[in-house]
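Thank you all for coming; I would like to walk you through one model this morning, and I will give the cut-off behind each term as we reach it. Please have the viewer open beside the sequence.

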Amino acid sequence: MENNRLRRLIKKTNHKSQKSLSSNNQINIKEPLTTNLSDNIILLKKIFNNCSDIVFRELVLENEEKIHAQIVHIDGITDKNTIHDNIMSSLLHKFHLLQTSGVLKPDARLSQIKYSLISIANIKESSDIENVLDAILNGETVILLDGTAVCLFASTKGGEVRTV
């Protein structure tokens, strides 16, 4: 029920945004993600413009290089402990332990994160904005990295029970 309300809100927000923007800046959720993290976050913030329970958390992962990342989820339908213990803590405190032989391409780094750092059984990848929106609305946490047009969805459903 909550997902339907959020989907309607996104459609309404998207419709309002499209009316107020010039034709060159319309939001198209059928487009793929870009390799620019800032552009992807700006787009998601435009889509979720009036959604106060969407959480955007910026992270800086440090190894031989600094990599900017962002996690996005809905407060209240995701399990905060799972996000903290299995995603954020791993990324912030174990990222530097990843073996590297020089600087890795961002897609290879994303694979390392998926298979070596995040201790959640159900993790998917996608490069479609529409899939990102569906994942967020279904209680998953999205992990985006700068430099790659692919993101991860980690199953973090849980949290508070909301009344309609």
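When I speak of helices and strands, I mean DSSP runs, with H or I over at least four residues for a helix and E over at least two for a strand, numbered from the N terminus. With that in hand, K105 can be placed in the loop between α3 and α4, and I will come back to that loop later.

Two remarks on the source: this is a predicted model, in which local features need pLDDT of at least 70 and side-chain atom pairs count only at pLDDT 80 or more, whereas totals for chains, interfaces and linings use all residues. Residues are numbered from 1 along each chain as its sequence is written, and side-chain values use heavy atoms, with hydrogens and water left out.

Let me begin with the whole chain, which has 5 helices and 5 strands, arranged along the sequence in the pattern α-α-β-β-α-α-β-α-β-β. I call a residue buried under 20% relative accessible area, exposed over 50%, and partly exposed in between, using a 1.4 Å probe and protein chains only; by that rule, 41% of the 164 residues are buried. The accessible surface, from the Shrake-Rupley method with a 1.4 Å probe and, for residues, only the protein chains shown counting as cover, comes to about 8,900 Å², and carbon and sulfur atoms hold 47% of that. Contact means heavy atoms within 4.5 Å, and among contacts with a separation of 6 or more, 68% are between residues 24 or more positions apart.

Turning to the strands, two of them pair if DSSP finds at least two bridges between them. Strand β1, residues 54-62, runs antiparallel to strand β2, residues 66-74, with 9 bridges joining them, and the hairpin that connects β1 to β2 does so through 3 residues. Within this pair, V60 stands opposite H68 in β2.

Now to the interior. A nonpolar core here is a set of buried Ala, Val, Leu, Ile, Met, Phe, Trp, Tyr and Cys residues joined through side-chain atoms within 4.5 Å. The largest such core has 23 residues, and those touching the most other members are L44, F48, V132, I136, V142 and L144. Two or more residues come from each of α2 (37-47), β2, α5, β4 (140-145) and β5 (151-155), and α5 gives the most, with 6 residues. Apart from this core lies another, of 21 residues, including A69, I123, I143 and L145. As general background, nonpolar side chains tend to be buried together in soluble globular proteins.

Two details belong with this part. L44, if we leave aside its neighbours within four places in sequence, is in contact with F56, V72, V132, L133 and L144. In helix α5, residues 129-137, the buried residues are I129, V132, L133, A135, I136 and L137, and just after α5, G139 takes a positive phi of about 85 degrees.

What about helix α4, residues 106-117: which of its residues are buried? They are R109, L110, Q112, I113, K114 and L117, and the cover over them includes β1, β2, α3, β3 (123-126), β4 and β5. Among these, K114 deserves a pause, since a lysine at 15% relative accessibility counts as buried here; beyond its neighbours within four places in sequence, K114 is in contact with I123, E125 and L152. In helix α3, residues 80-94, S90 is buried too, at a relative accessible area of 2%, and outside the same four-place window S90 is in contact with D85, F95 and L117.

Finally, the loops. K105 is exposed, at 67% relative accessibility, and its C-alpha atom is separated by 8.1 Å from that of G147, 42 residues away along the chain. D146, in the loop between β4 and β5, is partly exposed at 34%. The C-alpha atoms of D146 and H68 are 5.6 Å apart, with their positions 78 residues apart in sequence counted as the separation. Leaving aside its neighbours within four places in sequence, D146 is in contact with T35, N36, L37, H68 and P106.
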